[in-house]
Amino acid sequence: MKWSPISAVELEALVGLQLSECTLREREIFAQYRIPFRLAAIERSGEFESVFVVAMHRSVAMYFEDVEEGFNLSPLRSDGSIARPGWQQWSLQEALNGLVFLQPE
C-alpha cells in the first residue's frame, strides 16, 4: 500500500469524528485554540515534508502527524516549521489535553 499525505478534507473529517468523542469542555477548549489548518514544514529522515497545524496555545502547535496517524505537540521555529517533531499517535483528545494542561505557564 502506497502512503500519501492526508488532505485537508480528510483531516477535517477526522477532526470532526474525534471531536464527537470529546467532552463538551474539551470541544470548547478546541474551539478556543483551533486555527484554520495551515501547513508547516517538518523534517522526517533528513527530508522536509509538510503537516497540518490544527491548533495553537501560546507558542505550542498541535499538528497531525500523518505518517504516524496521530496528533502531536511542538513549538514552532521562527520560520513556522515544527521545531521538535514527535512520533506520537495521540487522539485529538489526548493531544488537546497535553496542549492545554501540560504546557508550562
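This short talk walks through strand S3 and the sheet around it. Keep in mind that the model is predicted.

Start with the strand itself. S3 covers residues 60-65, and six of its six residues are buried. Which residues point which way? Val60, Met62 and Phe64 go one way from S3. Ala61, Tyr63 and Glu65 go the other way. Both sets are buried, Glu65 included.

Now the neighbours. On one side we have S2, residues 47-57. S2 and S3 run antiparallel, joined by five bridges. Histidine 57 sits opposite valine 60. The two strands make a hairpin, with two residues between them. Look at arginine 58 in that turn: its phi is positive, about 55°.

Next, S4, residues 70-75. Again the pairing with S3 is antiparallel, this time over six bridges. Phenylalanine 64 has phenylalanine 71 as its bridge partner. Glutamate 65 is bridged to glycine 70. S3 and S4 also form a hairpin, here with four residues in between. Glutamate 69 in this turn has a positive phi of about 60°.

Step back to the whole sheet. It is open, four strands, in the order S1-S2-S3-S4, with antiparallel pairing. S1, residues 34-44, and S4 are the edges; each has a single partner strand, so one side of each has no neighbour in the sheet. From one strand to the next, the twist averages 40°.

Last, the helices. H2, residues 24-33, packs on the sheet and touches S1, S2 and S3. Its direction makes about 115° with that of S2. H1, residues 8-19, lies across S1, S2, S3 and S4. H1 runs at about 115° to S1.

Terms used:
Residues are numbered from 1 along each chain as its sequence is written. This is a predicted model: local features need pLDDT of at least 70, side-chain atom pairs count only at pLDDT 80 or more; totals for chains, interfaces and linings use all residues. Side-chain values use heavy atoms; hydrogens and water are left out. Buried means under 20% relative accessible area, exposed over 50%, partly exposed in between (1.4 Å probe, protein chains only). Two strands pair if DSSP finds at least two bridges between them. Axes are lines fitted to C-alpha atoms, for helices over the stretch in contact, and angles run from 0 to 180 degrees between N-to-C directions. Contact means heavy atoms within 4.5 Å.
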